[in-house]
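Here's a quick tour of how charges and cysteines are arranged in one protein model. Have a look at the structure first, then read on.

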Amino acid sequence: MSDEFDAVVERVRERVTPDDDERERLDRVVADLRERAREAVADLPVDAEVIQVGSTARDTWLAGDRDVDLFVSFPTGVDRADLESYGLEVGHAVLPDGHEEFAEHPYVKGTYEGFDVDLVPCYAVAEATATRSAVDRTPFHTEYLADRIDADLAGEVRVAKQFLTGIGVYGSDLRTRGFSGYLTELLVHEYDGFRPFVAAAADWHPPVEFDPENHAQESFDDPLVVIDPTDPERNVAAVCSAEAVARLQHYARELLADPREDLFVPDDPDPLDPEAVVDAVERRGTAPVAIRFDAPDIVDDQLYPQLDRSLEGLVGELDRRGFDVLRAAAWADETVVFLAELAVAERPAVERHEGPPVHVRDHAGGFYDAYADEPAAPDDGTAGTYGPFLDGDRYVVERPREFETAVGLLESDAVFDVALGAQVETAMRENYAVLSGEAVGALADEFGVELARYFDPRP
């Protein structure tokens, strides 16, 4: 088994290691970009240093990757507004066709000779603990690992990154909530190789904690804690979800038990068409409902936390109203979709409402008086209120249900009473549609792959 594992890893390593031509091209592009950035800095009223960071700087990038990260490091005496202004000025000079994006502050993103380039301003702080913005610590990460990851270990890191990519947990964006490049490098360094890393991960019992420099100054309530060796108050793995950790554990065990290269390759299913979606729903006998609206014009790292919050709020409300959510998902592209599969789509006209025990006199009396005069057959055509009556030692009433159908709930203003993300709520208030039953098949035109994963779920 060891020979088979090693053979698989070696084939993957050969595939993901950049060849000499690719390295030469990267070096030339980085040199050109740095020179263009230095020339742009020379036109500013302040000095700044141009620094290459990220996996290309640490020689842990994968063959075929085309990402270059350059930071323009300004003196700490530059105020925040000027840092942003100067950073954008340099960014647009280096990448004249680039566009502005926003993380903690704006930066320029663009392409240069086929490479995707981020040009980001930061402060030249003395140490990572003195950061004035989140990106200020990134140069310290590159410096820390420079003397700790040699060529052999860099090869192990590449294999680890490809494995995490293959199983869908590589990336620290808030859509993936997985393992960042820096975190992966720290873990492979901690275990001194890819195989020791996956062997250990297979037996992890979260929460799992590492402190490479034994200098932690904070405690963290996360499934995986890796204290930043450059900042004792930061967990490098803070964004890593419990599901991402569990997925790593599942596939680490798979790889150890049955080493094979397909675990290193993302496996997107064929998209479902509308008819296949309807067939899947019919087989399951569930009642699907969906909300669909135009996606807010915000970056993914702002959008996806709002989607998670909104989906949780909607599912909670559907459950509270008695529609019993089996499973739910949120997806975003040109539009946003919240999909919920319900055990029931329609509930009776009345719902049971229990009051306090009769012996709790004040509360029981108040409950009784609140419903005693409600008619069982009111003039408005609703079911009316039945009771109060006794069930055991409690007063109980059967009162009209506000929403007999899930669609009625989702189409009402009550949908805005749940905890929605701010921009999600704004977008929904502009316009949204509710789909139910066979109509959810229409989602396949935009979300066929996501629906394929949904109806054939894997670890």
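Let's start with Arg260, which is partly exposed because its relative accessible area is 23%. Keep in mind that this is a predicted model. Arg260 pairs up with Asp262 in a salt bridge, and their closest N and O atoms are 3.1 Å apart.

Another pair worth finding is Arg401 and Glu351, a salt bridge with its closest N and O atoms 3.7 Å apart. Arg401 sits in the loop between strand S13 (394-400) and helix H13 (406-410), while Glu351 belongs to strand S11 (residues 350-357), so this pair ties together parts that are 50 residues apart in sequence. How covered are the two partners? Arg401 counts as buried because its relative accessibility is 12%, whereas Glu351, at 22%, counts as partly exposed. Back at Arg260, there's a bit more going on: salt bridges with shared partners join Glu254, Asp258, Arg260 and Asp262 into one network.

How many salt bridges are there in total? The count comes to 30. One of them links Glu113 and Arg28, with the closest N and O atoms 2.7 Å apart. Glu113 is in the loop between strand S4 (106-112) and strand S5 (115-123), and Arg28 is in helix H2, so here the parts being tied together are 85 residues apart in sequence. Glu113 is partly exposed, with a relative accessible area of 39%, and Arg28 counts as partly exposed too, at 41% relative accessibility.

Here are the three pairs side by side:

| Salt bridge | Closest N and O atoms |
|---|---|
| Glu113 and Arg28 | 2.7 Å |
| Arg260 and Asp262 | 3.1 Å |
| Arg401 and Glu351 | 3.7 Å |

As background, side chains of opposite charge can pair when their charged atoms come close.

Helix H2 turns up again on the negative side of things. Asp21 lies in this helix, which covers residues 20-42. Which residues gather with Asp21 in a surface patch of negative charge? They are Asp19, Asp20, Glu24 and Asp27. Is Asp21 itself buried or exposed? Asp21 counts as exposed, because its relative accessibility is 58%.

Finally, the cysteines. A disulfide is a covalent bond between the sulfur atoms of two cysteines. In this model the count of disulfides comes to zero. Two of the cysteines to look up are Cys122 and Cys240: Cys122 counts as buried because its relative accessibility is 1%, and Cys240 counts as buried at 2%.

How values were computed
Residues numbered from 1 in each chain as written. Predicted model: local features only at pLDDT ≥ 70, side-chain atom pairs only at ≥ 80, totals over all residues. Heavy atoms only, no water. Patch = residues over 30% accessible without salt bridge, like charges linked within 9 Å, V, L, I, M, F, W, Y side chains within 5 Å. Areas by Shrake-Rupley, 256 points an atom, 1.4 Å probe, with all protein chains shown as cover. Salt bridge = Lys/Arg side-chain N within 4 Å of Asp/Glu carboxyl O. Lys, Arg positive; Asp, Glu negative; His and termini not counted. Charge placed at Lys NZ, Arg CZ, Asp CG, Glu CD. Helix = DSSP H or I, 4+ residues; strand = E, 2+ residues; numbered from the N terminus. Buried < 20%, exposed > 50% of the residue type's maximum accessible area, 1.4 Å probe, protein only. Disulfide = S-S within 2.5 Å.
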